[in-house]
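Thanks, everyone. I'll put the structure up and walk through it from the sheet outwards.

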Amino acid sequence: MLSESAKMTTAAEARFRINEPNSKPRHVKVIALDRASEAVVKHLAQQHWNNASFFTASAFASAPPARDFSMQGWLSDLAGRTMDLVDEVSGADLVVMVATAGESTPAATLIGEACSLKRVNTTGLILGGASATDEMLSRTLSQLRPWSLMLVIANGEDYIEDMLIALRA
């Protein structure tokens, strides 16, 4: 008796195969949420990526939005130019937020709301490392959890790089 895998490799079944790549390139936006993760994101941006763009929100992390707040200028590209958050999210298939355990990440709420509005998937990567306490991890997890469909604690920069590769950035 042939297994399902063996049946699928027969010539009769091969005629049903699609001979095209199984996915289109993704447009991934990687955003550092705090000063410590900004250094990691800047370093990762120097590597070769398919369709990834790298930004920071850490410059705005300490100041809550004012009453006349606008999403324009909420992000910065790595050259320091301000970018419109909603425009960047609109052009994305996935937004990856990178944070450091124990740091405050109020920008995660704004980015998460923009992603929800535009129906863009989100992933949160938290730099934990061996030196991060449970309390530090818990603080950052609680800030990212409402806005991340996938949330991962990374032990180091190489883990974040591997995750971005796996996410087809």
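One term before we start: a residue is called buried when its relative accessible area is under 20%. Keep in mind too that this is a predicted model.

Now take strand β1, residues 28–32. Five of its five residues are buried, so β1 is largely enclosed by the rest of the structure. Look at the two faces. Val-28, Val-30 and Ala-32 are buried on one side. Lys-29 and Ile-31 are buried on the other. So both faces of β1 are covered, the lysine included.

What pairs with β1? Strand β2, residues 52–56, runs parallel to β1, and five bridges join the two. Within that pair, Ile-31 stands opposite Phe-55 of β2. Strand β5, residues 94–100, also pairs with β1 in the parallel sense, again over five bridges. There, Lys-29 has Val-95 of β5 as its bridge partner.

Step back to the whole sheet. It is open and has seven strands, in the order β4-β3-β2-β1-β5-β6-β7. The pairing is mixed. Which strands stand at the edges? They are β4, residues 82–83, and β7, residues 150–154. Each has a single partner strand, so one side of each is left without a neighbour in the sheet. On the β7 side, β6 and β7 run parallel and are joined by five bridges. Gly-124 has Leu-151 in β7 as its bridge partner.

On to the helices. Helix α3, residues 35–45, combines with β1 and β2 in a right-handed β-α-β unit. Helix α5 lies across β1, β3, β5 and β6. Its direction is at about 170° to β5.

Let me stay with α3, and pick one residue in it: Val-41. Buried or exposed? Val-41 is buried, at a relative accessible area of 0%. What does Val-41 touch, leaving out residues up to four places away in sequence? Its contacts are Val-30, Ala-32, Phe-54, Phe-55, Leu-78 and Val-98. Two of these we have met: Val-30 and Ala-32 lie on one side of β1. Phe-55 is back as well, the residue opposite Ile-31. There is also a distance to note. Val-41 and Met-97 are 56 residues apart along the chain, yet their C-alpha atoms are separated by 9.9 Å.

Helix α3 also meets a second helix, α7. Their axes come within 11 Å and cross at roughly 55°. That angle makes α3 oblique to α7. The crossing is right-handed. Who makes the contact? From α3, the residues are Val-40, His-43 and Leu-44. From α7, they are Glu-157, Ile-160, Glu-161 and Leu-164.

Last item: backbone angles. Two arginines deserve a look. Arg-119 is not a glycine, but has a positive phi of about 55°. Where is Arg-119? It lies in the loop between α5, residues 107–118, and β6, residues 121–127. Arg-119 is exposed, with a relative accessible area of 76%. Then Arg-168, also not a glycine, has a positive phi of about 60°. Arg-168 is found in the segment after α7, residues 157–166. Its relative accessibility is 36%, so Arg-168 counts as partly exposed.

To recap, β1 is covered on both faces, and Val-41 of α3 touches residues including Val-30 and Ala-32. Questions are welcome.

Methods. Residues numbered from 1 in each chain as written. Predicted model: local features only at pLDDT ≥ 70, side-chain atom pairs only at ≥ 80, totals over all residues. Heavy atoms only, no water. Buried < 20%, exposed > 50% of the residue type's maximum accessible area, 1.4 Å probe, protein only. Helix = DSSP H or I, 4+ residues; strand = E, 2+ residues; numbered from the N terminus. Pairing = 2+ DSSP bridges. Right-handed = clockwise from strand over helix to strand, strands pointing away. Axes fitted to C-alpha atoms, helices over the stretch in contact; angles between N-to-C directions. Parallel < 35°, antiparallel > 145°, perpendicular 65-115°, else oblique. Left-handed = near helix turned anticlockwise from the far one by under 90°. Contact = heavy atoms within 4.5 Å.
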